[in-house]
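Student: I should like to request a close look at a single part of this structure. Could you please take one loop residue as the starting point and then show how its surroundings connect to the rest of the chain?

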Amino acid sequence: MLPPDYQRILTVVRQAGGPVTARQVGETLGVDVSVKSKLEPLRGKLIRLTDRGWLRKQPDGRFTTRL
């Protein structure tokens with residue numbers, strides 16, 4: 001079971017219907033994406049989800065659900 005923050009991130013990526021950037025996920029979650037220091041922790045969580053097999057990171061840096 002994933003913590004609530006990670007569950008919300010997965011929900012956003014699944015509902016997107018296609019690859020998304022960390023900025024798009026942040027906008028949906030209400031993160032201030034104009035400040036890089038606020039966006040980097042979210043990007044780290046996306047990468048952790050990728051490392052654990054929940055998401056897939058594409059070569060262009062966008063994230064999508066596993067196939």
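**A loop residue and its surroundings**

Tutor: At a relative accessibility of 22%, Gly18 counts as partly exposed, because the buried class requires a value under 20% and the exposed class a value over 50%. The model under discussion is a predicted one, and every value given here is computed from it. Gly18 belongs to the loop that lies between H1 and H2.

What does Gly18 touch, not counting residues up to four places away in sequence? The partners of Gly18 are Val13, Phe63 and Thr64. Val31 gives a contrasting view of the same loop residue: Gly18 and Val31 are 13 residues apart in sequence, and their C-alpha atoms are 20 Å apart in space.

One of the partners of Gly18, Thr64, deserves attention next. Thr64 is placed in strand E2, which covers residues 63-65. Is Thr64 buried or exposed? Its relative accessible area is 11%, so Thr64 is buried. When neighbours within four places in sequence are left aside, Thr64 is in contact with Val13, Gly18, Pro19, Leu55, Arg56 and Gln58. Val13 and Gly18 thus appear in the list for Thr64, while Val13 and Thr64 appear in the list for Gly18. For Thr64 and Ile47, 17 residues apart in sequence, the C-alpha atoms are 11 Å apart in space.

From Thr64 we may pass to Thr50. Thr50 is part of helix H3, which spans residues 36-51. With a relative accessible area of 19%, Thr50 is buried; the value matters because the buried class ends at 20%. Apart from residues up to four places away in sequence, Thr50 touches Leu55, Arg56, Lys57 and Phe63. Leu55 and Arg56 are also among the residues in contact with Thr64, and Phe63 is also touched by Gly18. Between Thr50 and Thr65, which are 15 residues apart in sequence, the C-alpha separation is 9.1 Å.

Several of these names return in the nonpolar core. The largest nonpolar core has 16 residues, of which Ile9, Val13, Val25, Leu42, Leu46, Leu49 and Leu55 touch the most other members. Helix H1 (4-16), helix H2 (22-29) and H3 each contribute at least two residues to this core. H1 gives the largest share, 5 residues. Which residues does Leu42 contact, leaving aside its neighbours within four places in sequence? They are Ile9, Ala22, Val25, Gly26 and Leu29.

Helix H2 also holds Gln24. Gln24 is partly exposed, with a relative accessible area of 37%. Along the chain, Gln24 and Arg48 are 24 residues apart, and 17 Å separates their C-alpha atoms.

Finally, the whole chain may be considered. Its secondary structure comprises 3 helices and 2 strands, and the order from the N terminus is α-α-α-β-β. The radius of gyration is 11 Å, which agrees with the value near 11 Å that a compact globule of 67 residues would have. Along the principal axes, the C-alpha atoms fill a box of roughly 30 × 30 × 20 Å. Of the 67 residues, 30% are buried. Where contacts join residues at least 6 apart in sequence, 39% of them link residues at least 24 apart. The chain exposes about 4,300 Å², and carbon and sulfur atoms supply 50% of that area. As for charge, there are 13 positive and 6 negative charges, and the mean positions of the two sets lie 4 Å apart.

Definitions and conventions. Residues are numbered from 1 along each chain as its sequence is written. This is a predicted model: local features need pLDDT of at least 70, side-chain atom pairs count only at pLDDT 80 or more; totals for chains, interfaces and linings use all residues. Side-chain values use heavy atoms; hydrogens and water are left out. Helices (H or I, at least four residues) and strands (E, at least two) are DSSP runs, numbered from the N terminus. The radius of gyration is taken over C-alpha atoms; the globule rule is 2.2 Å times the number of residues to the power 0.38. Buried means under 20% relative accessible area, exposed over 50%, partly exposed in between (1.4 Å probe, protein chains only). Contact means heavy atoms within 4.5 Å. Accessible areas come from the Shrake-Rupley method with a 1.4 Å probe; for residues, only the protein chains shown count as cover. Lys and Arg count as positive and Asp and Glu as negative; His and the chain ends are not counted. The place of a charge is taken as NZ of Lys, CZ of Arg, CG of Asp or CD of Glu. A nonpolar core is a set of buried Ala, Val, Leu, Ile, Met, Phe, Trp, Tyr and Cys residues joined through side-chain atoms within 4.5 Å.
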